[in-house]
Amino acid sequence: LIPDLGRHVIYIIPRLNPSTFSIFMGKIGDTSVLNTPLSVTIDEDGNILVLEHNPGRLVIFEPSGKNKIAIFSGLSSPVNLNINPYDKSIFVTDSG
């Protein structure tokens, strides 16, 4: 999964044929689903965690990418997202 913050989408790139990427989540020019996706990762349950720079939030989607599970807002200037493989805690780097 590759975020494109300028186009408000996340692309999926198949491992076996990387030249055939497609939009997995969001719509080009539409900020109603994603505004500025900066970092994306997948947890062990397949949920998709998306860190958005503006409005400074972490959004968690179900594996299909269709429904939001949770939204954590109030981040100042988030820049990176990771999951600790040992205890499954979520780490967000916020430069603000």
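## Ile60 and its surroundings

Ile60 lies in strand 6 of a predicted model. With a relative accessibility of 11%, Ile60 counts as buried, because buried means under 20% relative accessible area. Leaving out residues up to four places away in sequence, Ile60 touches Asn47, Ile48 and Leu49 on one stretch of the chain, and Asn67, Lys68, Ile69, Ala70 and Phe72 on another. Ile90 is also among the residues that Ile60 touches.

Pro37 is 23 residues away from Ile60 along the chain, and the C-alpha atoms of the two are separated by 12 Å. Pro37 does not appear among the contacts of Ile60.

## Two nonpolar cores

The largest nonpolar core has eight residues: Ile10, Met25, Leu34, Val40, Ile48, Val50, Val59 and Phe61. Strand 5 (48–52) and strand 6 (57–61) each supply at least two residues of this core. A second core, separate from that one, has six residues, including Leu49, Leu51, Ile60 and Leu81.

Leu34 belongs to the largest core. When its neighbours within four places in sequence are set aside, Leu34 is in contact with the core members Ile10, Met25, Val50 and Phe61. The other contacts of Leu34 are His8, Val9, Gly26 and Glu52.

## Pro63 in a loop

Pro63 is in the loop between strand 6 and strand 7 (68–73). Its relative accessible area is 44%, so Pro63 is partly exposed. Asn47 is 16 residues from Pro63 along the chain, yet their C-alpha atoms are separated by 4.6 Å.

Asn47 is also one of the residues that Pro63 touches, once residues up to four places away in sequence are left out. The others are Phe24, Asp45, Gly46 and Ile48. Asn47 and Ile48 are contacts of Ile60 as well.

## Two residues with positive phi

Most residues other than glycine have a negative phi. His8 has a positive phi of about 70° although it is not a glycine. Lys88, also not a glycine, has a positive phi of about 65°.

Both residues are in loops. His8 is in the loop between strand 1 (2–4) and strand 2 (9–12), and Lys88 is in the loop between strand 8 (78–83) and strand 9 (90–94). In accessibility, His8 is buried, with a relative accessible area of 14%, whereas Lys88 is partly exposed, at 41%. His8 is also one of the contacts of Leu34.

## The chain as a whole

The protein chain has nine strands and zero helices, so from the N terminus on every element in the order is a β strand. The radius of gyration is 13 Å, close to the 12 Å that the globule rule gives for 96 residues, so the chain is as compact as a globular protein of that length. Along the principal axes, the C-alpha atoms fill a box of roughly 35 × 35 × 25 Å.

Buried residues account for 28% of the 96 residues. Of the contacts between residues at least 6 apart in sequence, 29% join residues at least 24 apart.

## Surface and charge

The accessible surface of the protein chain comes to about 5800 Å². Carbon and sulfur atoms hold 53% of that surface. The chain has 7 positive and 9 negative charges, and the mean positions of the two sets are 8 Å apart.

Methods:
Residues are numbered from 1 along each chain as its sequence is written. This is a predicted model: local features need pLDDT of at least 70, side-chain atom pairs count only at pLDDT 80 or more; totals for chains, interfaces and linings use all residues. Side-chain values use heavy atoms; hydrogens and water are left out. Helices (H or I, at least four residues) and strands (E, at least two) are DSSP runs, numbered from the N terminus. The radius of gyration is taken over C-alpha atoms; the globule rule is 2.2 Å times the number of residues to the power 0.38. Buried means under 20% relative accessible area, exposed over 50%, partly exposed in between (1.4 Å probe, protein chains only). Contact means heavy atoms within 4.5 Å. Accessible areas come from the Shrake-Rupley method with a 1.4 Å probe; for residues, only the protein chains shown count as cover. Lys and Arg count as positive and Asp and Glu as negative; His and the chain ends are not counted. The place of a charge is taken as NZ of Lys, CZ of Arg, CG of Asp or CD of Glu. A nonpolar core is a set of buried Ala, Val, Leu, Ile, Met, Phe, Trp, Tyr and Cys residues joined through side-chain atoms within 4.5 Å.
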